Amino acid sequence: MKRIKYVIISMVICIVIISIYIQPLSQRNIGGTKEFMYIEQKNLISNDNVSNGFIATPPIMLDSDTKENLTKFHIDARKLVEEFPTTFFTCSNTQQKKVAITFDDGPDTKTTPKILKILDKYDIPATFFVIGENAQKHGDVCKEIISSGHQLANHSFTHLRPTDVSIKTLINDFEKCNELLKDITNMDIQYIRPPYGLVTLNQLLVLREKNFKIIGWSVDSMDWHTSDKDEIVRCVIDGIHPGAIVLMHSAGGSDNRVATVHALPTIIESLKEQGYNFVTVEQLLKE
Ligand SMILES: [Zn+2]
């Protein structure tokens with residue numbers, strides 16, 4: 001009887017050991033999980049030959065709510081591009097190694113000047129989607145953005161949530177920002193990034209009539225989500241593709257985007273090594 005007991009216990013131990021061994025690596029909750037998930041995503045997604053409507057999936061650990069929101073966001077963006085292919089853009093269809101880095105939510109006097117300095121050091125242009133309320137306070141930084149060869153663009157006046165307001169309220173907010181930018185720079189701005197990248201089909205209908213170009217992104221640096229410099233670098237480098245529009249921030253957040261400033265030189269150097277040329281959004285979409 002005792003012997004049978006030993007045999008049964010030994011068999012149970014063997015089954016447990018075997019089942020752990022054959023469990024797929026990606027499902028194991030061990031230190032390397034992050035890496036295995038990353039590899040899985042790389043196998044599923046190829047960034048070659050992508051076209052307008054594409055948005056890369058960030059290769060970092062995300063909670064289920066964020067993941068779900070991003071998935072919905074990607075599906076909605078694809079629909080907007082299908083309906084408005086010459087008004088709404090996540091990226092360019094070019095096969096040339098060109099990339100447009102964009103910075104939202106500025107200008108400020110803490111971070112935007114640091115970013116301008118880095119761009120100047122590498123001698124590359126970028127696009128700044130500024131908030132009207134901030135541009136009103138820091139008109140001189142707006143002027144510096146233009147005189148340094150960058151593109152200045154509209155990110156609304158009050159950073160309202162487009163899907164929560166009427167078409168009229170949204171258009172008024174965009175136009176108020178444009179009027180201010182015209183006062184500061186004497187330029188007519190055609191390029192708009194709606195706050196949070198959100199815009200509806202009905203809103204796009206009106207925005208198209210007004211001849212605006214609505215700009216999303218295909219590569220999200222996730223600098224609004226993580227303050228880990230390495231994760232920001234990984235999000236950009238992993239998602240990059242010819243014709244990419246990269247989302248970053250030049251102001252705001254709880255720490256004025258310290259990690260963005262730290263990540264930017266590494267990102268620029270890595271993209272240069274890969275043979276990418278840097279252009280403004282306008283240059284990217286006009287080619
Ligand atoms: Zn924003």
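## Working through the core and its neighbours

The largest nonpolar core has 68 residues, and Val99 and Val246 have the most contacts inside it. Helix α10 gives the most to this core, with six residues. Keep in mind that this is a predicted model.

**Exercise 1. Get an overview: how many helices and strands does the protein have, and what share of its residues is buried?**

Start with the secondary structure, which comes to 11 helices and nine strands. Next, take the 287 residues of the protein: buried ones make up 41% of them. Finally, look at the contacts with a separation of 6 or more, where residues 24 or more positions apart account for 78%.

**Exercise 2. Find what Val246 is in contact with, leaving aside its neighbours within four places in sequence.**

Begin with Val99, which is on the list along with Ala100, Ile101 and Thr102. Then add Trp217, Val219 and Ser221. Val236 completes the set. Now check that last residue: Val236 belongs to helix α9 (residues 229-239) and is buried. As a rule of thumb, nonpolar side chains in soluble globular proteins tend to be buried together.

**Exercise 3. Which residues of α9 are buried, and what covers them?**

First pick out the buried ones: Glu231, Ile232, Arg234, Cys235, Val236 and Gly239. Then look at what lies over them. The cover includes β7 (219-220), β8 (244-249) and α10 (258-273).

**Exercise 4. Work out how α4 and α10 are arranged and which residues meet.**

Take the axes first: those of α4 (residues 112-122) and α10 come within 10 Å and cross at roughly 15°. Angles under 35 degrees count as roughly parallel, so α4 is roughly parallel to α10. The crossing is right-handed.

Now for the side-by-side list. From α4 come Lys114, Ile115, Ile118 and Tyr122, and they meet Val261, Leu264, Pro265 and Ile268 of α10. Sorted by class, this contact has seven nonpolar residues, no polar ones and one charged one.

**Exercise 5. Is Tyr191 buried or exposed, and what does it touch?**

Place it first: Tyr191 lies in strand β5 (residues 191-192). Then count neighbours. The cut-off for buried is 20 or more other C-beta atoms within 10 Å; Tyr191 has 21 C-beta neighbours inside that distance, so Tyr191 counts as buried.

Not counting residues up to four places away in sequence, Tyr191 touches Ala153, Asn154, Lys213, Ile215, Val281 and Glu282. For a distance check, try His155: Tyr191 and His155 are 36 residues apart in sequence and 8.9 Å apart in space, C-alpha to C-alpha.

How values were computed:
Residues numbered from 1 in each chain as written. Predicted model: local features only at pLDDT ≥ 70, side-chain atom pairs only at ≥ 80, totals over all residues. Buried ≥ 20, exposed ≤ 12 C-beta atoms within 10 Å, placed from the backbone. Helix = DSSP H or I, 4+ residues; strand = E, 2+ residues; numbered from the N terminus. Contact = placed C-beta atoms within 7 Å. Core = buried A, V, L, I, M, F, W, Y, C linked by C-beta atoms within 7 Å. Axes fitted to C-alpha atoms, helices over the stretch in contact; angles between N-to-C directions. Parallel < 35°, antiparallel > 145°, perpendicular 65-115°, else oblique. Left-handed = near helix turned anticlockwise from the far one by under 90°. Nonpolar A, V, L, I, M, F, W, Y, C, P; charged D, E, K, R; others polar.
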